Amino acid sequence: MIQTARRKLFIALISATLLTMALVWVVVALNTRDESAIETEPASFIATLSTASSEQQLARGAYLARVGNCASCHTQPGGAAYAGGVAIDTPFGAIYAGNLTPDIKTGLGTWNTSHFWRAMHNGRSKDGHLLYPAFPYPQMTIVTRADSDAIFLYLRSLPAVEQPNKAHALRWPYNTQAALALWRAMFFKPARYQTQPDKSALWNRGSYLIEGLAHCAACHAPRNALGAITADSPLSGGSLLVDKWFAPSLLHIDEASVANWSDAEVVKLLQAGVAKHGSVNGAMAKVVFGSTQYLTAEDLQSMANYLKTLPVLNKQSVQFEPAEKDVMLRGGRIYEQHCANCHGDTGEGVAGVYPSLHANRAVNMQNTNNLIRIIVEGGFAPVTEKNPRPYGMPPMGHVLSDRDIADVLTFVRQSFQNHAAILSELEVMQARD
Ligand code: HEC
Ligand code: HEC
Ligand code: HEC
């Protein structure tokens, strides 16, 4: 009896092991596709660098590292440049960005350009282990080999810093390579930029940068429960909060579409952090601060060109319900006391200093997370060369209660030509934690 039970258990174990091995093999096989084909490059609108002197290539690498905002994740505040240690918080746990300096023991000291290209293009580390897509390689995969090599050359020129990488703090099963392999088999394919021959060189350049190295979709794309981007339009609005901020849709006219803006205003937003119809805050302020303010006029122009040709989606219809009279009265009093000084008695603002709240997109947005964040944390546009002393809005999270914030924002959302839904105390409470 015991003998047969044991034998059955043994057979079951063997089959389970074989099955697991087969699954792992399939997943690994799926993950290794396309690696052999990495040598061929698309005929490129991007100047090839093979003939450029290494000094030019170095400068270009430094520039491209700006485009990719590598430092924002790979440099700790106050820490050594590119030595890693920053935690990227995800719903699955924290993932730490590693040391990219040329240190032999703890950095990329023993890497060559092919290892580096494989990391950028295929999301694998030098020893072949799979990398987490918190490193935005699902976007950066389209970077050209020439651009990847230039970035690597730049990283090699940095001082080597000995700083061991921190271990990721992920929950089971997300902390296993098998789970990651499965995720990649389902959601990731190494890709090359496909030049659209019917579009201008400018448009193609913008598309290459925005979809690739600048990884705008990393924040602006909707994600499924496994954190993967599966939508047809990867810029149609974030679904994870990044540093507690919501990245609105770049397609929706009532969110962050710039289809109606002039090219110059788009360039200005990305360069200075403020433009006629908007300013950047929170996670987007970091993008402008660390990356887009440094881009050349041509590259910014190309981004504007591309952004303005994205499909335009119209306002989502909202059921409008006017707020109770006493909420409006209470909100109005708080506005007078805490806001009118800067934004004006009738919300008109002061041109170039305090934004007008009239028919304001940020005020009317259906997702109210950022609106609440601005009141709680304050509004700070980034310090940029074009806007060295931005006007800020002081944080008021400690002065105003959840109810105060709900009431004043409801008042603003239903005054000054704004026509948006009531904002509840519960929404404020949720956005606060
Ligand atoms: C949004 C944050 C973020 C940005 C931006 C970012 N990285 Fe990373 N990077 C990470 C994280 C997180 C990891 C760790 C992934 C892992 O260990 O699975 C990582 C890992 C890497 C690795 C693999 C290191 C190793 O030891 O295996 C390389 C190489 C790398 N990044 C290069 C870059 C470059 C170059 C840029 C800019 C062009 C960049 N990263 C931009 C977050 C980021
Ligand atoms: C780290 C996350 C993140 C990345 C990466 C990111 N964004 Fe954003 N973006 C945000 C958030 C959050 C907001 C909302 C706050 C705001 O309006 O500034 C935003 C807002 C915007 C807006 C609307 C600004 C306004 O005033 O209406 C535009 C346009 C925009 N982003 C373009 C881009 C482009 C282009 C890229 C790539 C170069 C990009 N974003 C990359 C997070 C991000
Ligand atoms: C000291 C002056 C000051 C006060 C007081 C102030 N604000 Fe602001 N507010 C600003 C500035 C400056 C900005 C632009 C910040 C930025 O660009 O990041 C701003 C931005 C905003 C925005 C975003 C507008 C947009 O177009 O992105 C809203 C909404 C807002 N304020 C509402 C309020 C409300 C409601 C109050 C009162 C509870 C208030 N503000 C109090 C100065 C102020």
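**Surroundings of the three ligands**

The residues of the shell around ligand 3 comprise 17 nonpolar and seven polar ones, with no charged residue among them. In this predicted model, the shell holds 24 residues, of which N281, C339, C342, H343 and M393 are the closest to ligand 3.

Polar contacts to ligand 3 involve both side chains and backbone. An N or O atom in the side chain of S279 is 2.7 Å from an oxygen atom of ligand 3, and an N or O atom in the side chain of N360 is 2.9 Å from an oxygen atom of this ligand. F380 contributes a backbone N or O atom, which lies 3.3 Å from an oxygen atom of ligand 3. Two or more residues of the shell come from each of the elements α14 (340–343), α15 (361–364) and α16 (369–377). Of these, α16 gives the most, with three residues.

Ligands 1 and 2 each contain an iron atom with donors from the protein. For ligand 1, the single protein donor of the iron atom is H74 (NE2), at 2.1 Å. H74 belongs to helix α3, which covers residues 70–74.

The iron atom of ligand 2 has the protein donors H220 (NE2) and M284 (SD), which lie 2.1 to 2.2 Å from the iron. The site is octahedral, and the angles among its six donor atoms are 88 to 180°. Because H220 lies in helix α9 (residues 217–220) and M284 in helix α11 (residues 282–290), the pair ties together parts that are 64 residues apart in sequence. H220 is buried, at a relative accessible area of 10%, whereas M284 is partly exposed, at 26%.

Methods. Residues numbered from 1 in each chain as written. Chains lettered and ligands numbered in written order. Predicted model: local features only at pLDDT ≥ 70, side-chain atom pairs only at ≥ 80, totals over all residues. Heavy atoms only, no water. Donors = N, O, S within 2.8 Å, 3.2 Å for Na, K, Ca; no water. Helix = DSSP H or I, 4+ residues; strand = E, 2+ residues; numbered from the N terminus. Tetrahedral: all angles 85-135°; square planar, octahedral: opposite > 155°, others 65-115°. Buried < 20%, exposed > 50% of the residue type's maximum accessible area, 1.4 Å probe, protein only. Near = heavy atom within 4 Å. Polar contact = N/O pair within 3.5 Å; in protein donor to acceptor, adjacent residues only side chain to side chain. Nonpolar A, V, L, I, M, F, W, Y, C, P; charged D, E, K, R; others polar.
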